[in-house]
Amino acid sequence: MRDWERYVRAHLSLPGFAREREARILRELSSQLEDFYREAVARGMTDAEADAYTRAQITDWTQLAATLTDVDRAHVRGHLDRWSESLDDRARQKRGRWLMIADIWQDVRYASRRLAAQPAFTIVMVLTLALGIGANTAIFSIIDTLLLQSLPVDHPRELVLLNPTQWRNGWTTGDLTWSYPSYRGLRDGQRVFSGLIAERTDGVNLTIDGATERATASIVSGNYFDVLGIRPLKGRLLSEADDRTRSGHPVVVLSYGFWVQRLGMRPEIVGQDVRIGGHPFTVIGIAEKRFNGLEVGGTVDLFVPAMMLPNVVTYRGALDTRTAYIFNVYGRLQRGVDRAQAEAQLQPLFHAELEQDIAQGAKPTDSRWQQARLLLEDGSRGTSDLRQDLTTPLAAVLAMTILLLAITCANIASLQIARASARMKEISIRLAIGASRRRVVLQLLIESALLVALGAVAAVVVAGITVRGLLEETGDAAQRLQLVTAFLDTRMLAFTLAVAGATTLLVGLVPALLSTRPAVWPALRAGVAGEMGGQLRVRRVLVTAQLALSLVLVTAAGLFGRTVYNLRHTDTGFQTDRLVQFRLNPGAAGYDRQRTEAVFGQALNAIRALPGVDAATLSVAPLLSNALIGFGLDVEGYASPDGSRAVARANVVAPGYFRMVGTPLLRGRDFSEADTAASRQVAIVSERFVERYLPKVDPIGRTLTLAYGGPQRFQFEIVGVSKDARLDNLRDRPRATFYLPYTQFAVLNSSFFLVRGATGQSQLRRSIEEVVRRLDPDLPIIRYVALDEQIDRLLRPERLVASLSLSFGLLATGLGAIGLYGVMAFAVARRTREIGLRLALGADRGAVRWMVLRGALGMAAIGIGVGAVLALALGRYVESQLYGIRGGDLVTLGGAAGVLVAAVLVSGWLPARRASSVDPMLALRYE
Amino acid sequence: MFSAELKKGSSEMLILSLLEGRPRHGYEIGKLIEARSDGRLTFALPTLYPTLLRLENRGWIKGRWVEKPGERRRCFYRLTAEGRRRLAEQRKTWETFIDTIKTVMGPSRA
């Protein structure tokens, strides 16, 4: 006795039906089969005979399913017909549309039942799509924030950034380009802007309720908020009246982010007194939520009027010094003035400013300043260091994610074709009983669309995780970017939707059209395995394309991986192990030059005396932070052909620095305790400096002359030559560098300390904190970091690209291998008869295996050929990002090809083995 | 014995007429057609059942699961009022059609 209901359930699948309806049909059919069975037994058949007799009642389950589906569909249509007939005339005209919607709804149900029936397939596909689409969405939302979106200010398109081309002489920080006197000159002389603002950003010591911490201050001209069109969230913002008298406006505005993150939205903060750099200030308001300064990805905690600059940072006299280029200047163009007109009108004003700079002490390195022009750059997107650092890596990553998505599409399209061929019979029956091709194509497309939609939903989750991860990887600078990035905003969702739409067409349309081709139908009557050559051909092309794109990704992984390796193993010219650096900024705490030097001396002695500390020294510029100071200087014995001055980078250090960091002195002597402000001023220059400026003479005893921005000139005698070291970063060749002793550096106000210790990191840090607290509890330790960690941080973009391309490459290769396996297995199944015949006629099994493998390798060869061309092109594009390896490196390309061939052999081996183990007798009976 | 087209055209009407007297279950309908036609007409399950479903969808017949004493639960189909009207219509059309065919094909009156 048999459970006929189970039997029917196992054979008949009715995915488009409502559950209770399907259940009823199954019950009725099994009930009737039961009748057949009982009758057969009653007629005296044995159990087995009765069983066979009953089974013979329904042989073609696919056909039955198709018929029932058709009956059911007509039923739904009939309902709708009657319903729409009952509506008025106007509604009747809409009937066509209603029918279509009903059809689509049925298709969606049918498709979801089909997907639910194959959970493994569905889960794998959805995950693949989630990765493919999610990676794209993540990269897009970062690129959008960094590169595409405008600042949240009024009419951002009217904003321009004023940038002079060429020549600067004096001390600058980053990309800041204007002195305060020049800003005033431009502001008062121009007629093209409705407003001109100056701003700079500084780290300051902020004391609230007695606790001192580091904060980032935007120091801005009084008209800043008015010109940008920013409104207060609480209290009021700065105005021109807050920026008139030198040191006369101790008021501060807080940013929304700071108010939320550090103050927990305390409302009573407005009107309260705080201290900045030890000076009392009053909080007058909080800026509106969307605004976080003009640097995208930067963090601004507070806004201070420019007139208060000398109070919060130590650039004393900086507001009056023409060579102190310490501000960014933005203008808002007047309505009706375009950028080119404004630029033309500003040139005379700009040159008048330059001439005043020179008249008041600036000494140009050469005569190129006369050709200098003022450029108006698009200011609508603000400035961003992150933007410069990440543009090329992000573009490379975006290219890779697009490749990954293309591979994903190819893979799914190929699988969909395979699935469609398994449904050939069903499709051909539906076409035969009168379904239009459009309907069937639509139905297959809807199934793909459903798959992609599920993938897209999962992709949003993947994107969220990826964005978070990427931002963490890109380091400190990106911290507040998380706040800025309006994750899940409409732009991102629109992007995801667009990608999902394109993906649906890519993965759905080709298989749908292919499997409903009119030429296929008659052939189908003969049997399924017959005429599927066309589909196999398309799948072969797709797999080959997948292999080509995989090669590109694996090659990229190789190139970036070797770049990271090369950078990590670059000889920096100094020892980074167990070395930590941190900054003390007594200047910001109100110390003068003399007290600063004194506290540095005390701190050095106390740290050196700590147990477990091998050595300690000072380095005004932090190592590996692109922070050496650029100077134009006169070198005794050097005269350039065009009369320009020498240019070199400088660091200011304590005696014992060279021994301590491990950069050998090649000639002369180190600085010593005897080099003081009172003694002869001395300098040590690098090998490269000698090569560049004093190649044929003895450098020892020569004089360097330079200025620190003011009119005063300082002279230093060269007493030693050091080996070159990569102090700024790992990538750039060491440039001409000179060193000065901190005791003789006239503008000393802060410095980094370098400490090499044998004790554990946290123990060392606690001891150092204790030492500094004993010296002055108001001196915070800033940017404490181990040098090895700093190197890791520097390498983050490279490592990020390398690890992303590696994981994308492996994923792509895996997908390619699976696709290849599918195609080969299908091809072998189709050729079972032929293979059987060959074997029956005495073909060698090894030869059969080779025949199949050769097919796989053929696809791999074409894929690798095409991929190599693409990989070489990509390599050239990213060459500037590489280090110690060329974009067209053939060893890397060869290695990547090797990985791919290995994957192809593995995935081709199984079908090949199956082919060679075909039983000739069975194969000939096949079909 | 008869072509599929011929059978298809008549199956709905045959089923309706078999249900005219009393409700019957699916297996019984199949067997009755076979018996009454002396085996010349058979409707296999894959043809018969979809037809029942179609008739039911149209509201011409109505299936109901009933348990009769001493028997298994089965789905019994009965004719609805609509089905009765349709059967009368079809029967009339059919008779007219047969008459017409007979007239045309009848013995030559030459």
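Let me start with A:E158, which sits in the loop between α7 (119-148) and β1 (159-164) of chain A. Before going on: this is a predicted model. A:E158 counts as buried, because its relative accessibility is 16%, and the cut-off for buried is under 20%. Its side chain makes a polar contact of 3.1 Å with the side chain of A:R332. Setting aside residues up to four places away in sequence, A:E158 touches A:G331, A:R332, A:L333 and A:R335. So A:R332 comes up twice for this residue: as a polar partner and in the list of residues touched.

Next, another acidic residue in a loop. A:D728 is found between β18 (714-722) and β19 (737-741) of chain A. Is A:D728 buried or exposed? Buried, because its relative accessibility is 9%. What does its side chain reach? A polar atom of the A:D728 side chain lies 3.1 Å from the backbone nitrogen of A:A627. The side chain also reaches the backbone nitrogen of A:L628, at 3.2 Å. In both cases, then, the partner atom is a backbone nitrogen. If we leave out neighbours within four places in sequence, the residues in contact with A:D728 are A:L624, A:S625, A:N626, A:A627, A:L628, A:R649 and A:R735. That list includes two arginines, A:R649 and A:R735.

The third residue is a valine in a helix. A:V852 belongs to helix α27 of chain A, residues 845-877. It is counted as buried because its relative accessibility is 5%. Beyond its neighbours within four places in sequence, A:V852 has contacts with A:M824, A:V828, A:P911, A:A912 and A:A915. As for distance along the chain, A:R914 is 62 residues from A:V852 in sequence, while the C-alpha atoms of the two are 9.8 Å apart.

Now to the strands of chain A, and to β7, residues 279-287. Which strands are joined to it? One is β4, residues 232-235, which runs antiparallel to β7(A) and is joined to it by three bridges. In that pairing A:K234 stands opposite A:I286. Another is β5, residues 251-254, which runs parallel to β7(A), with four bridges. Here A:V251 is opposite A:T282. Then there is β6, residues 273-276, antiparallel to β7(A) and again with four bridges. A:V274 faces A:F281 across that pair. β6(A) and β7(A) also make a hairpin, with two residues between them. One residue in the turn, A:G277, has a positive phi of about 60 degrees.

Let me turn to chain B, beginning with its sheet. Three strands form an open, antiparallel sheet in the order β1-β3-β2. The edge strands are β1 (24-25) and β2 of chain B, each of which pairs on one side only. β1(B) and β3(B) are paired antiparallel over two bridges, and B:H25 stands opposite B:F76 in β3(B).

The last topic is how the two chains meet. In the model, 20 residues of chain B are in contact with 23 residues of chain A. How much area do the chains bury between them? About 2100 Å², of which 57% is on carbon and sulfur atoms. The size of an interface is often given in this way, as the accessible area lost when the parts come together.

There are four salt bridges between chain B and chain A. One of them joins the side chains of A:D35 and B:R74, at 2.5 Å from N to O. Counting residue pairs in polar contact, with both residues at pLDDT 80 or more, gives seven between the chains.

Which elements of chain B supply the side that touches chain A? α2 (26-36), α3 (45-58), β2 (61-67) and β3 (73-79) each give at least two residues. The largest share is from α3(B), with nine residues. By type, the residues on that side of chain B divide into ten nonpolar, four polar and six charged.

To recap the interface: four salt bridges, seven residue pairs in polar contact, and α3(B) as the largest contributor on the chain B side.

Definitions and conventions. Residues numbered from 1 in each chain as written. Chains lettered and ligands numbered in written order. Predicted model: local features only at pLDDT ≥ 70, side-chain atom pairs only at ≥ 80, totals over all residues. Heavy atoms only, no water. Buried < 20%, exposed > 50% of the residue type's maximum accessible area, 1.4 Å probe, protein only. Contact = heavy atoms within 4.5 Å. Polar contact = N/O pair within 3.5 Å; in protein donor to acceptor, adjacent residues only side chain to side chain. Pairing = 2+ DSSP bridges. Buried area = accessible area lost by both parts, 1.4 Å probe. Nonpolar A, V, L, I, M, F, W, Y, C, P; charged D, E, K, R; others polar.
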